[in-house]
Every structure is written in structure tokens, then in C-alpha cells.
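This briefing introduces one protein chain to a reader who has not seen it before. Please look over the sequence and the structure first, then read the points below.

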Amino acid sequence: EPVAPIGEFCAPIRAALAALPPDVRVIAEPGRVIAAPAGIAVATVMGRAQRDGRILLVRRNHEPMLGRWSFPSGFVDAGEVVEDAAAREAFEEAGVRVRVEELLGVYSTAGNPVVFVAYAATVLEGEEPEAGDEAYEVGLFALDALPELAFPHDASILAEWRARTGR
């Protein structure tokens with residue numbers, strides 16, 4: 001996040017920032033502005049509710065894929081352990097504490113600056129999902145009744161989870 005609103009920079013810097021593509025994150029601090037590709041690493045948790053085998057999804061309230069269903073996910077903060085980021089995102093987006101389990105895979109696409117790391121996780125006993133600030137709603141879905149998922153890699157992540165869990 002910029003330290004100052006874009007309007008507080010000089011005209012040449014404002015123009016340069018405005019010209020950046022939307023997939024570039026800007027980090028501004030006194031004396032310098034850094035433009036870095038968004039999503040150097042992304043973590044996600046595949047929620048597994050113990051009660052009936054349904055999986056936890058969130059309906060996104062932000063771009064990309066506004067309004068679409070996906071696994072709780074988000075960016076790994078600089079210096080953060082990836083598994084900790086996965087658990088943090090599950091809590092921030094779905095209001096649940098999880099036990100992060102095995103790595104499902106690392107996904108990337110040519111031309112896309114985001115590297116996506118997916119983990120299997122179990123929702124801890126007694127946790128009830130509730131939409132956080134980055135989700136319109138949270139849902140628990142049977143594997144044979146999933147909504148259309150937001151991202152192309154979501155089907156591969158789900159297939160890997162099914163293969164590993166036998167579901």
C-alpha cells in the first residue's frame with residue numbers, strides 16, 4: 001500500500017503510477033517508489049468441514065473474479081511463512097481456524113505474475129464459517145454440487161485434493 005495517496009506525489013510520479021498495469025502492486029516510501037508484479041506468491045486453503053465432507057468456498061467481493069466462488073486465498077506477506085499465510089487467509093476470508101495439512105501443488109501460468117500455492121486444510125472442530133471483509137458470503141458445498149469456480153487452476157486443485165483424500 002502506498003504511504004501517501006497518489007495525489008501527494010509529484011506530477012511525473014503520479015503519471016508513472018497511473019500508467020502501470022492493474023496487476024502491478026506499488027510500494028511507496030519516502031524517497032522511492034517500487035512497482036513490483038502483484039502476487040509473487042499466493043497461498044490458499046482448501047477447507048474441509050469434518051461434519052459431512054463438504055468443502056468451504058468463499059464468494060469473492062473483489063477483483064479479480066468479483067462475485068465468483070473460490071477457495072479462501074490471498075497474498076503472502078513479505079517474510080511470512082506460506083503455511084501461516086494459508087491459515088491467515090482462511091480466517092480473514094471465512095472466519096475459521098484451520099489446520100494446514102499437505103501441499104497440493106504450485107500453480108502458475110505464462111504471462112501471469114501470480115504463483116499460486118495450494119494446501120489441503122481441515123477446519124478445526126467448533127469453527128463456524130462467516131464471511132470476512134474480502135468475501136460476500138461463505139458456503140459449504142458437497143463435491144457433487146459445487147458452484148462454478150472462479151479460476152482456471154481451481155479445477156486442478158480440486159482434482160489433486162480429491163486424489164489425495166479419496167473423495
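Gly 166 takes a positive phi of about 75°, and its place is just after helix H3. The model is a predicted one. Helix H3 itself covers residues 152–165, and the chain that holds it has 3 helices and 9 strands.

**Helix H3**

- The buried residues in H3 are His 153, Asp 154, Ile 157, Leu 158 and Trp 161.
- Looking down the axis of H3, these buried residues fall within an arc of 140°, so they line one face of the helix.
- Pro 152, Ala 155 and Ala 163 are exposed, and they sit on the face of H3 turned away from its buried side.

**Helix H2**

- Helix H2 runs over residues 82–94, which is 13 residues; at 1.5 Å a residue it should span 18 Å, and its end C-alpha atoms are indeed 18 Å apart.
- Six positions are listed as buried in H2: Ala 85, Ala 86, Glu 89, Ala 90, Glu 93 and Ala 94.
- Around the axis of H2 they cover an arc of only 140°, and therefore they lie on the same side of the helix.
- Gly 95 comes just after H2 and takes a positive phi of about 70°.

**Surface patch**

- A nonpolar patch on the surface is formed by Leu 103, Val 106 and Val 115, which together have about 220 Å² of accessible area.
- One of these residues, Val 106, belongs to strand E7, residues 98–107.
- Val 106 has a relative accessibility of 53%, and because exposed means over 50%, Val 106 counts as exposed.

**The chain as a whole**

- Along the sequence, the helices and strands follow the pattern α-β-β-β-β-β-β-α-β-β-β-α.
- The chain has 167 residues, and buried residues make up 35% of them.
- About 9100 Å² of the chain is exposed, with 55% of that area supplied by carbon and sulfur atoms.
- Of the contacts between residues at least 6 apart in sequence, 63% join residues at least 24 apart.

Terms used. Residues are numbered from 1 along each chain as its sequence is written. This is a predicted model: local features need pLDDT of at least 70, side-chain atom pairs count only at pLDDT 80 or more; totals for chains, interfaces and linings use all residues. Side-chain values use heavy atoms; hydrogens and water are left out. Helices (H or I, at least four residues) and strands (E, at least two) are DSSP runs, numbered from the N terminus. The expected span of a helix is 1.5 Å times one less than its number of residues. Buried means under 20% relative accessible area, exposed over 50%, partly exposed in between (1.4 Å probe, protein chains only). The arc is that of the directions from the helix axis to the C-beta atoms. Contact means heavy atoms within 4.5 Å. Accessible areas come from the Shrake-Rupley method with a 1.4 Å probe; for residues, only the protein chains shown count as cover. Patches are made of residues with over 30% relative accessible area and no salt bridge: like charges are joined within 9 Å, nonpolar side chains (Val, Leu, Ile, Met, Phe, Trp, Tyr) within 5 Å. A salt bridge is a side-chain nitrogen of Lys or Arg within 4 Å of a carboxyl oxygen of Asp or Glu.
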